[in-house]
Amino acid sequence: MELLIASNNLGKVAEIKRYLQTLDLQVYSLGEWQLVKNISGALPDPEENGQTYQENALIKAQACFEWAGIPCLADDTGLEVEALDNGPGLYTARYAGVNATYADNISKMQQELQGVGNRQAKFKACLAYFDGSRVEIFNGEVSGEILAEQQGSGGFGYDPIFKPIGRNQTFAELKISEPDFLTHRVKALTKFKEFLLASVLHKVQ
């Protein structure tokens with residue numbers, strides 16, 4: 001079975017591909033599919049104008065299916081910080097602006113939380129699978145806190161400042177020391193993997 005990861009975020013693509021590597025799947029990134037099929041032009045980059053993570057993930061999955069014609073999996077992730085009225089939420093990737101870097105987003109968040117006592121936060125991931133007719137949604141969530149200083153060099157995005165409850169390491173550290181740690185995305189991927197094994201892969205073997 002072929003599966004396209006409907007994301008231009010190379011960090012997300014790498015995490016998803018690593019987790020699914022034990023399955024009987026040929027998993028492609030957008031760039032890899034473009035090379036395989038010798039497709040010219042820009043990669044799909046649909047406007048994420050949904051009102052929920054689910055809507056945004058489905059927008060991406062459907063747009064990439066129209067482009068590639070094979071089953072697609074898209075991810076939409078949000079960081080919700082209590083002291084920021086559960087923001088940035090849907091705007092997590094562009095918190096510091098449309099073209100913001102990971103460093104820009106972290107810097108803005110640290111500035112916004114300077115002197116704030118409540119640093120509780122949640123990371124939420126929503127995966128949308130679309131194969132042309134079937135839509136399946138898988139969610140994952142992890143609670144934690146935002147640190148004042150960055151720790152670790154693994155992962156991407158806000159990983160260096162997010163420490164999950166009950167752990168002394170940030171996601172950036174855990175993704176190196178415990179690559180199978182149940183992050184929000186891994187929790188959602190676990191459900192997706194179960195779905196594939198129960199409903200899809202056994203039909204194509």
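How many helices and strands make up the secondary structure of the chain? In this predicted model, the count comes to 6 helices and 7 strands. Their order along the sequence is β-α-β-α-α-β-β-α-β-β-β-α-α. The pattern thus opens with a strand and ends with two helices.

The overall dimensions were examined next. The radius of gyration is 17 Å. A compact globule of 205 residues would have a value near 17 Å, so the chain agrees with that expectation. The C-alpha trace spans about 55 × 35 × 25 Å along its principal axes. Buried residues make up 47% of the 205 in the chain. Among contacts with a separation of 6 or more, 58% join residues 24 or more positions apart. The exposed surface amounts to about 10,100 Å². Carbon and sulfur atoms supply 46% of that area. Charged side chains number 19 positive and 26 negative. The centres of the two sets lie 4 Å apart.

Nonpolar side chains tend to be buried together in soluble globular proteins. Here the largest nonpolar core holds 21 residues. Leu3, Leu20, Leu25, Leu73, Tyr129, Phe192 and Leu196 touch the most other members. Strand E1 (2-5), helix H1 (10-20), strand E5 and helix H6 (184-204) each supply at least two residues of this core. The largest share, 8 residues, comes from H6. A second, separate core has 18 residues, including Cys64, Cys126, Ala128 and Phe130. Contacts of Phe192 were also listed, leaving aside neighbours within four places in sequence. Phe192 then touches Leu3, Leu20, Leu73, Leu127, Tyr129 and Phe138.

Phe123 belongs to strand E5, which covers residues 120-130. Its relative accessibility is 4%, and Phe123 therefore counts as buried, the cut-off being under 20%. Beyond neighbours within four places in sequence, Phe123 is in contact with Thr77, Gly78 and Leu79, among others. Further partners of Phe123 include Gly140, Glu141 and Val142. Tyr158, Asp159, Phe162, Phe171 and His184 are also in contact with Phe123. Arg185 is 62 residues from Phe123 along the chain, yet their C-alpha atoms are separated by 8.8 Å.

Ala198 offers a view of helix H6 at an exposed position. Its relative accessibility is 53%. Ala198 therefore counts as exposed, since the cut-off is over 50%. Tyr91 and Ala198 are 107 residues apart in sequence. Their C-alpha atoms are 34 Å apart in space.

Backbone geometry was then considered around strand E4. Most residues other than glycine have a negative phi, and most peptide bonds are trans. Asp85 is not a glycine, but has a positive phi of about 55 degrees. Asp85 sits in the loop between strand E3 (72-81) and E4. With a relative accessible area of 72%, Asp85 is exposed. Asn86 lies in the loop between E3 and E4 as well. Its phi is also positive, near 65 degrees. Asn86 is partly exposed, at a relative accessible area of 43%. Gly87 and Pro88 are joined by a cis peptide bond. Omega there is about 0 degrees. Pro88 is part of strand E4, residues 87-88.

Conventions. Residues are numbered from 1 along each chain as its sequence is written. This is a predicted model: local features need pLDDT of at least 70, side-chain atom pairs count only at pLDDT 80 or more; totals for chains, interfaces and linings use all residues. Side-chain values use heavy atoms; hydrogens and water are left out. Helices (H or I, at least four residues) and strands (E, at least two) are DSSP runs, numbered from the N terminus. The radius of gyration is taken over C-alpha atoms; the globule rule is 2.2 Å times the number of residues to the power 0.38. Buried means under 20% relative accessible area, exposed over 50%, partly exposed in between (1.4 Å probe, protein chains only). Contact means heavy atoms within 4.5 Å. Accessible areas come from the Shrake-Rupley method with a 1.4 Å probe; for residues, only the protein chains shown count as cover. Lys and Arg count as positive and Asp and Glu as negative; His and the chain ends are not counted. The place of a charge is taken as NZ of Lys, CZ of Arg, CG of Asp or CD of Glu. A nonpolar core is a set of buried Ala, Val, Leu, Ile, Met, Phe, Trp, Tyr and Cys residues joined through side-chain atoms within 4.5 Å.
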